[in-house]
Amino acid sequence: MAVTEGARVLVASNRGPVSYSLDEGGALVARRGGGGLVSGLSAIGPDADAVWVCAALSEGDREAVRRTGGALDTADTGGQRVRMLGIDPGVYADAYNGVANSVLWFVHHMLYQTPLEPAFGREFRRQWASYEAYNQAFARALAEEAAQGAAVLVQDYHLALTPRMLRGLRPDLRIGHFSHTPWAPPEYFGLLPDDIAAQLLGGILGADRAAFLTRRWADAFTDCCHAVLGPGIPSGERVGVHGLGADADFLRERAHRPDVDEWLAVLREQIGSAPDGTPRRTIVRVDRTELSKNIVRGLLAYEELLRARPEWRERVVHVAFAYPSRQDLAVYRAYTAEVRRVAEEINSRYGTPDWTPVELHVKDDFARSLAAYRMADVALVNPIRDGMNLVAKEVPVVSDEGCALVLSREAGAYEELGEHAVTVNPYDIVGTAAALHEALSMPTPERAERSKALAARATALPPGQWFLDQLAALEA
């Protein structure tokens with residue numbers, strides 16, 4: 001496919017920088033998103049000739065594709081050129097929920113209850129065909145949009161097959177694939193059918209470079225290649241690591257806007273004072289109700305703290321923001337319900353008329369989350385597995401007085417932050433309760449010093465630099 005015109009830099013991801021809904025009159029209402037990719041693309045400047053290829057996720061998105069042909073109005077996207085793909089809703093549901101979120105996510109986060117699952121039968125094979133079709137749609141769109149020799153950055157487990165497919169269409173392109181999740185070790189990756197495992201690895205190896213958030217995940221990918229495809233595959237220079245840090249300038253500015261100050265006052269009133277009149281201490285977590293985030297064990301560890309250390313009763317509040325995720329999947333709805341149940345049980349068992357031990361919020365509100373960051377004495381980040389976990393990096397950056405970080409050793413952020421955090425085994429409830437006690441008891445000067453060190457580590461690789469480093473690696 002010979003191409004003389006097109007974009008010089010392309011990004012491909014399931015979710016794009018804008019989403020649409022329909023108002024009562026049928027007009028499209030655009031809502032811009034954020035995150036590392038948005039910040040990264042802005043870092044290359046408005047004259048970089050870049051385009052973002054993404055999927056239509058909602059009926060509003062699909063209507064936008066019907067009205068625009070998929071080339072979105074730059075007024076809606078903040079000036080970014082975006083091509084949105086109107087993939088058949090059934091194909092999309094199979095690829096996204098059936099394979100990406102119900103299989104690949106579970107494998108890489110090691111979430112299966114193996115006595116009963118997985119069971120890869122005919123239905124999985126049918127959904128896998130949709131996953132192939134979904135990836136093929138991205139490969140075709142990228143091939144159409146890219147200039148000769150362009151750089152293409154393909155994002156995440158949704159698009160593991162796209163690099164190989166795109167290579168077949170456009171061998172002139174420089175292609176990178178970036179995994180934002182952990183990568184499973186060979187013995188767990190081996191749960192997948194052999195042909196599917198080989199296809200996934202081969203799909204990513206269609207790129208010139210496969211990149212990961214930490215060395216641990218990169219090494220696991222290489223180990224899987226050796227186990228499934230054979231020794232010597234891939235060669236070392238094809239695999240790289242690009243850690244992603246917090247966007248300090250944005251966070252600090254956004255965290256001091258009036259709406260955050262208003263939420264800070266509300267939260268402080270809700271939390272109240274200890275019986276001796278001093279402000280109550282706060283243990284803060286902000287997560288989606290994603291199975292890998294380990295919210296239930298975090299709540300159980302807090303309950304164990306109150307049981308084993310009664311001196312903290314009425315002196316501490318667990319501010320838990322657990323925002324519903326993937327509620328179209330039954331297992332996620334059940335998990336969200338369990339989070340609520342455990343929080344209510346703790347409040348029923350230990351609460352008093354003047355003290356609610358757990359302040360649980362399940363409706364997403366970014367300003368309220370930032371207010372919680374600012375008031376945190378302790379940040380609890382205890383995932384079962386996590387590619388990076390930006391919350392662990394964001395809280396120390398925003399915290400007003402400095403916070404102690406209780407961090408799972410299974411979070412990708414552990415590689416950078418573990419030295420200055422109180423680290424835990426995410427399955428050990430008693431151990432996590434002891435870590436919470438240690439963090440709450442930490443002398444103020446030590447807490448401030450640790451928080452300062454955490455913030456420095458957390459902001460060393462801002463999103464813009466993370467993106468530019470990947471482009472530079474492709475050039476090299």
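# Briefing: helix packing, a hairpin and backbone outliers

Helix α4 (residues 122-145) packs against helix α7 (residues 194-204) at an angle of about 15°, and their axes lie 13 Å apart. This is a predicted model. The points below cover that helix pair, a buried glutamate, a β-hairpin, two cis peptide bonds and two residues with positive phi.

**Packing of α4 and α7**

- Angles under 35 degrees count as roughly parallel, so α4 and α7 are roughly parallel to each other.
- The crossing of α4 past α7 is left-handed.
- On the α4 side, the contact uses Phe124, Arg125, Trp128, Tyr131 and Glu132.
- On the α7 side, these residues meet Asp195, Ile196, Gln199 and Leu200.
- By class, the contact of α4 with α7 holds five nonpolar, one polar and three charged residues.

**Glu303 in α11**

- Glu303 sits in helix α11, which spans residues 295-308.
- Its relative accessible area is 10%. Buried means under 20%, so Glu303 is buried.
- Leaving aside neighbours within four places in sequence, Glu303 contacts Glu345, Ile346, Arg349 and Tyr350.

**Hairpin of β2 and β3**

- Strand β2 (residues 18-22) pairs with strand β3 (residues 28-32) in the antiparallel sense, over five bridges.
- Tyr20 has Ala30 in β3 as its bridge partner.
- Five residues lie between the two strands of this hairpin.
- Gly26, in the hairpin, takes a positive phi near 85°.

**Cis peptide bonds**

- The bond from Glu117 to Pro118 is cis, with omega near 0°.
- Pro118 is in the loop between α3 (89-108) and α4.
- The bond joining Ile233 and Pro234 is also cis. Its omega is about -5°.
- Pro234 is in the loop between α8 (215-229) and β9 (239-241).

**Positive phi outside glycine**

- Met110 is not a glycine, yet its phi is positive, at about 55°.
- The loop between α3 and α4 holds Met110. Pro118 lies in the loop between α3 and α4 too.
- Met110 has 30% relative accessibility and therefore counts as partly exposed.
- Asn389 is a residue other than glycine with a positive phi, near 90°.
- Asn389 is placed in the loop between β13 (378-381) and α14 (391-398).
- The relative accessible area of Asn389 is 5%, so Asn389 is buried.

Note on methods: Residues numbered from 1 in each chain as written. Predicted model: local features only at pLDDT ≥ 70, side-chain atom pairs only at ≥ 80, totals over all residues. Heavy atoms only, no water. Axes fitted to C-alpha atoms, helices over the stretch in contact; angles between N-to-C directions. Helix = DSSP H or I, 4+ residues; strand = E, 2+ residues; numbered from the N terminus. Parallel < 35°, antiparallel > 145°, perpendicular 65-115°, else oblique. Left-handed = near helix turned anticlockwise from the far one by under 90°. Contact = heavy atoms within 4.5 Å. Nonpolar A, V, L, I, M, F, W, Y, C, P; charged D, E, K, R; others polar. Buried < 20%, exposed > 50% of the residue type's maximum accessible area, 1.4 Å probe, protein only. Pairing = 2+ DSSP bridges.
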